[in-house]
There are 2 protein chains.
Amino acid sequence: MKTTPEQSEQRDGTATGPGAGLGTRERIVRATARLMQRQGYEGTGIKQISREAEATLGSVYHFFPGGKQELATEAIRHGDREFAEMLRRALESRPDPAEAVLAVAKDVAAELRASDWLDGCPVTATSLGTAAHAPDIRLAASEAFERWRGLVRDKLLACGFGAQDALELAHTVINTLEGAEFTAQVARDEEPLLIAGRHLARLIDSYR
Amino acid sequence: MKTTPEQSEQRDGTATGPGAGLGTRERIVRATARLMQRQGYEGTGIKQISREAEATLGSVYHFFPGGKQELATEAIRHGDREFAEMLRRALESRPDPAEAVLAVAKDVAAELRASDWLDGCPVTATSLGTAAHAPDIRLAASEAFERWRGLVRDKLLACGFGAQDALELAHTVINTLEGAEFTAQVARDEEPLLIAGRHLARLIDSYR
DNA sequence: CACTAGATAGAGCGTTCGTTCTAGAGGGGT
DNA sequence: ACCCCTCTAGAACGAACGCTCTATCTAGTG
């Protein structure tokens with residue numbers, strides 16, 4: 001329809017749903033991310049994505065000639081950036097790292113509950129089950145975790161923790177939140193996440 | 001072919017693959033569990049299951065008239081029992097709960113590595129992405145986690161921990177192992193699990 | 001021998017899958 | 001005026017999906 005990807009979609013009826021005013025490519029990425037977060041990689045069809053993004057199949061393959069796998073890696077990177085932003089904000093808002101991690105756990109719990117326990121970790125949901133036959137998806141997931149870990153590690157380093165302690169704690173912070181979020185999701189109860197937050201705060205404090 | 005499900009399959013050629021000598025129903029459950037552990041619920045087809053189990057489609061629907069969802073819940077229960085058994089053994093083998101949890105982490109890491117990073121948590125892999133449209137699968141997963149938690153909690157209670165501390169620690173032990181296993185899987189590195197084991201031991205010790 | 005219930009066997013149903021393909025619309029450059 | 005490139009549009013393909021269906025075979029019972 002148009003060439004520049006911004007502020008278009010007004011001439012036709014494609015700008016009615018969520019993501020209105022965004023470029024076609026961005027709408028596709030967001031739809032992929034949201035759908036795969038809830039249904040997983042195999043559970044999400046490309047036609048469903050194009051429908052949800054209010055784009056046509058032609059557009060999907062125009063922007064993502066690599067097909068479903070490219071869509072998935074891009075969706076993982078999208079989820080990566082989104083959570084990294086939330087994590088960065090939470091870590092910056094509290095000087096104390098233990099309090100900051102507790103705050104992150106509470107934020108995750110609130111978001112999960114608000115979605116009626118549907119929106120778990122987008123990276124996990126999208127990449128699970130693809131490890132055997134899609135190395136680039138697995139790699140994108142690994143990089144997302146590494147980025148999140150880096151944010152936590154830097155916070156701990158800035159608070160005077162030793163290099164190895166900081167990195168190892170960052171590992172466990174991310175992994176525990178990950179596991180607790182999934183448990184909270186299947187149990188439909190935010191308690192596991194709140195317990196995880198308290199335990200992680202206690203663990204961090206034990207290293208001072 | 002025969003009525004009693006034990007020691008059959010010898011007259012024909014069905015007893016050649018893994019699970020030889022088992023009843024048809026049991027072979028189907030094991031094949032489902034193994035495949036869904038690696039490929040997830042949506043990524044696993046019923047025809048693939050019947051092929052892998054060396055059973056026919058008719059047999060699959062004969063034993064599991066509830067179809068794919070019933071197969072999945074049964075596979076989750078199978079994985080539940082298997083891990084519960086390993087967990088129980090590890091917890092019984094060490095008097096100290098912190099050491100026991102560390103041993104569990106090492107066992108999980110060894111198994112994951114031995115499978116070339118393919119066999120993650122069967123419960124997670126099977127249930128992820130089905131939460132929205134398959135309540136019984138979600139419930140079976142929730143029950144599995146609850147059972148595992150119960151084993152850890154009982155160990156802590158037996159070691160003199162308070163009731164609430166024991167339950168909360170059990171939550172975090174299972175959740176952290178869960179998250180660390182997935183991270184180890186995508187990173188193809190057992191280090192996250194070993195770090196998790198050490199941190200969990202430290203956390204448990206901090207409650208004495 | 002006949003009868004029955006349990007289990008096996010697989011063709012075939014309609015649907016959806018991921019992907020490919022051709023056709024055309026829109027706007028800028030010359 | 002024309003071309004050209006980007007992007008949109010959706011029909012069509014073969015394969016695979018979950019599931020239903022009928023038919024057959026076996027073992028046990030009378």
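Which residues form one aromatic cluster with A:F83? The cluster is made up of A:F83, A:F145, A:W148 and B:F182, and selecting these four side chains together is a good way to begin the tour.

Before going further, note that this is a predicted model, in which local features need pLDDT of at least 70, side-chain atom pairs count only at pLDDT 80 or more, and totals for chains, interfaces and linings use all residues. Residues are numbered from 1 along each chain as its sequence is written, chains are lettered from A and ligands numbered from 1 in the order in which they are written, and side-chain values use heavy atoms, with hydrogens and water left out.

**Stop 1: the aromatic rings**

Over all chains, a search of the whole structure finds six aromatic pairs, where rings of Phe, Tyr and Trp (its six-membered ring) pair if their centres lie within 6.5 Å, and where planes under 30 degrees apart count as stacked, over 60 as edge-to-face and the rest as tilted. Select A:F83 and A:W148, whose ring centres are 4.5 Å apart and whose planes stand at 65 degrees, so that the pair is edge-to-face. This pair links distant parts of the chain, since A:F83 belongs to helix α4 (residues 67-93) of chain A and A:W148 to helix α7 (residues 135-158) of chain A, 65 residues apart; helices here are DSSP runs (H or I, at least four residues), numbered from the N terminus. Both A:F83 and A:W148 are buried, a word that stands for under 20% relative accessible area, whereas exposed stands for over 50% and partly exposed for values in between (1.4 Å probe, protein chains only).

Now keep A:W148 selected and add A:F145: the ring centres of A:F145 and A:W148 lie 5.5 Å apart with the planes at 75 degrees, so this pair too is edge-to-face. A:F145 and A:W148 are separated by about one helical turn, because they are three residues apart in helix α7 of chain A, and both of them are buried.

**Stop 2: charges over rings**

Move next to B:Y41, where B:K68 lies over the face of the ring, at 4.6 Å from the ring centre; a charge sits over a ring if NZ of Lys or CZ of Arg is within 6 Å of the ring centre and within 35 degrees of the ring normal. Then select A:Y207 together with B:R202, which lies over the face of A:Y207 at 3.7 Å from the ring centre.

**Stop 3: salt bridges within the chains**

How many salt bridges does the structure hold over all chains? There are 32, each being a side-chain nitrogen of Lys or Arg within 4 Å of a carboxyl oxygen of Asp or Glu. Select A:R34 and A:E52, which form a salt bridge with their closest N and O atoms 3.5 Å apart. A:R34 lies in helix α1 (residues 24-39) of chain A and A:E52 in helix α2 (residues 46-52) of chain A, so the pair ties together parts that are 18 residues apart in sequence. A:R34 counts as partly exposed at 31% relative accessibility, and A:E52 counts as partly exposed at 36%.

In chain B, select B:D80 and B:R147, which form a salt bridge whose closest N and O atoms are 3.5 Å apart. This pair links distant parts of the chain, with B:D80 in helix α4 (residues 67-93) of chain B and B:R147 in helix α7 (residues 135-158) of chain B, 67 residues apart. B:D80 is buried, with a relative accessible area of 5%, whereas B:R147 is partly exposed, with a relative accessible area of 41%.

**Stop 4: where the chains meet**

Finally, display both chains: the contact (heavy atoms within 4.5 Å) takes 41 residues from chain A and 40 residues from chain B. Across the interface of chain A and chain B there are two salt bridges, and B:E168 and A:R198 can be selected as a pair whose side chains meet in a salt bridge (3.2 Å, N to O).

As a last selection, take A:S142, which has its place in helix α7 of chain A and counts as buried at 16% relative accessibility. Leaving aside its neighbours within four places in sequence, A:S142 is in contact with B:V186 and B:A187.

How values were computed
Helix = DSSP H or I, 4+ residues; strand = E, 2+ residues; numbered from the N terminus.
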